[in-house]
Amino acid sequence: MVRGSFTGTIRTMPELLEVEAYRQLLLPTIGARILRVEADNLVCGGLPGRCPAEGQHIVGLRRKGKLLLIDLADLVVGLHARMTGSVLLDGTSAFDKLRYAPKVSNESFIRLRVHLDDGSVIALHDPRRLARVILDPDEDRLGPDATTATAAIVERALAIGTQSEVALKTRLLDQSRLSGLGNLLVDEICFQARLDPARAAARLLRVEIEALAEQIGITLQELGARGGSDRGTLQDARHRGGCCPNCGALLTRSTIGGRTTYACRVEQQ
Ligand SMILES: [Zn+2]
């Protein structure tokens, strides 16, 4: 492959697992120096004139929730992929070798190019132009990363002990309470934990909180190993008329937290 060329394929809706794949894709760039940045004004609105990242070395790559963090010598570049953003290195996406790759990438959708002194190019591909690149992002606005979810962390995320009627799914999607989970991961976690996503989160029982925390870890590990957020057991049934892969009951389809939600009314209580 020619460096800087563009042949990758893109999947949509990045969640924690996809952003972690972007981070791992970029690991070889640690130690390289940024020569030049080409940035889309909307996506990189925070970058004035000459980009302050130019001339700096990449010293680390981190992730918190769905936020990718590129540590430079005296600056942090945060990248929110949002709905359709995807990170590429030398034209290769993190998903090229995976089972599903429905979106053919397009050169005109590149919103950011970072040219490095070793000749490689980091690019941000985003058809809908909703991704955002932010300098020195406020990482504290994000709750604990979902990979670290313990029963105590889940208890705080769900506002246990309050009178809140907010739904379980809404709380799990709230990035300020627990970061990294999106629509597919939350539905899969609730399905595997046999919890109704519409239930009032604050009224979960202690044993359910513990099971949920454990299930978050298990689902992230399993779907990470399978290749992404769309590898869940529920995935193939996520359509009108879809049936539960366990018991065969018709799945309910509703909107919770603004997102289309599938659940088994027989097994999820
Ligand atoms: Zn079922």
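This briefing covers one open sheet and the helix that lies across part of that sheet. The model is predicted. Five strands make up the open sheet, in the order β2-β9-β10-β6-β7, and their pairing is antiparallel. Its edge strands are β2 (34-39) and β7 (92-93), each of which pairs on one side only.

**β2 and β9**
- Strand β9 covers residues 110-116 and runs antiparallel to β2, with five bridges joining the two.
- Val37 has Val114 in β9 as its bridge partner.
- Opposite Glu38 stands Arg113, also a residue of β9.
- In a regular strand, side chains alternate between the two faces of the sheet.

**β9 and β10**
- Strands β9 and β10 are likewise antiparallel and are joined by five bridges.
- Val114 has Ile122 in β10 as its bridge partner, and Val114 is also the bridge partner of Val37.
- Residue Val114 of β9 therefore links to a partner in β10 as well as to Val37, in keeping with the sheet order β2-β9-β10.
- The hairpin of β9 and β10 has four residues between the strands, and in this hairpin Gly119 takes a positive phi near 90°.

**Helix α1 and the sheet**
- Helix α1 is formed by residues 16-26 and lies across two strands, β6 (86-89) and β10 (121-125).
- The helix runs at about 15° to β6.
- In the sheet order, β10 is followed by β6 and then by β7, the latter being an edge strand.

How values were computed. Residues are numbered from 1 along each chain as its sequence is written. This is a predicted model: local features need pLDDT of at least 70, side-chain atom pairs count only at pLDDT 80 or more; totals for chains, interfaces and linings use all residues. Two strands pair if DSSP finds at least two bridges between them. Two residues are in contact if their C-beta atoms, placed from the backbone, lie within 7 Å. Axes are lines fitted to C-alpha atoms, for helices over the stretch in contact, and angles run from 0 to 180 degrees between N-to-C directions.
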